[in-house]
Amino acid sequence: MAETIKVDIPHKLTRQTARQRIDEGFDRLRQDMLGGMVKFEDIWTGDHLDFHARVMGQRVTGRLDVLDESVHLEIDLPTFLAAIAEKLKGRLRKEGQVLLEKK
């Protein structure tokens, strides 16, 4: 059964700075994709990001909103990847906190 992961990551940055760091993180993600084996698309509309990835024939869809004090992330996982949802949720939370920590 498909599953939606929801993660809220608190931050103490301005919305603009948080959005910029997330955008840079997605740029690194696109560059790190395994020689084009992962198709990745993302579109910003203000402080809202829609993204799609195709991994091993599976489509992953997500949404991200940069809010004043947090970033809200939702990712729809297909049945094939739903088994790793909790592990992925923890990793997203951890890496998101590192990305958004005040420097």
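The questions and answers below walk through the core, the largest pocket and the salt bridges of this predicted model.

Residues are numbered from 1 along each chain as its sequence is written, and side-chain values use heavy atoms, with hydrogens and water left out. Because the model is predicted, local features need pLDDT of at least 70 and side-chain atom pairs count only at pLDDT 80 or more, while totals for chains, interfaces and linings use all residues.

Visitor: Which element supplies the largest share of the largest nonpolar core?

Guide: A nonpolar core is a set of buried Ala, Val, Leu, Ile, Met, Phe, Trp, Tyr and Cys residues joined through side-chain atoms within 4.5 Å, where buried means under 20% relative accessible area, exposed over 50% and partly exposed in between, with a 1.4 Å probe and protein chains only. Of the 22 residues in the largest such core, Ile22, Phe26, Phe51, Leu64, Leu77 and Leu100 touch the most other members. Elements that each supply at least two residues include helix H1 (15-32), strand S4 (58-66) and helix H3 (85-100), these being DSSP runs (helices H or I, at least four residues; strands E, at least two) numbered from the N terminus. The largest share, four residues, comes from S5.

Visitor: Which class of residue has 26 members in the lining of the largest pocket?

Guide: About 1,300 Å³ of space lies in the largest pocket, a pocket being an open set of points on a 1 Å grid over the protein atoms alone, where a 1.4 Å probe fits, with protein on both sides within 12 Å along at least five of seven lines, and lining residues having an atom within 4 Å of a point. Of the 33 residues that line this pocket, the closest to its centre are Leu29, Ile75, Leu88, Leu92 and Glu95, and the largest share of the lining, nine residues, comes from H3. By class, the lining has five charged residues, two polar ones and 26 that are nonpolar.

Visitor: Which residues are linked with Arg15 in a network of salt bridges?

Guide: A salt bridge is a side-chain nitrogen of Lys or Arg within 4 Å of a carboxyl oxygen of Asp or Glu. Arg15 forms one with Asp47, the closest N and O atoms being 3.3 Å apart, and another with Asp68, where the closest N and O atoms are 2.8 Å apart. Asp68 lies in the loop between S4 and S5 and Arg15 in helix H1, so this pair ties together parts that are 53 residues apart in sequence. The residues linked with Arg15 in the network are therefore Asp47 and Asp68.

Terms used: Points joined across faces, edges and corners; volume = space filled by probe spheres on them. Nonpolar A, V, L, I, M, F, W, Y, C, P; charged D, E, K, R; others polar.
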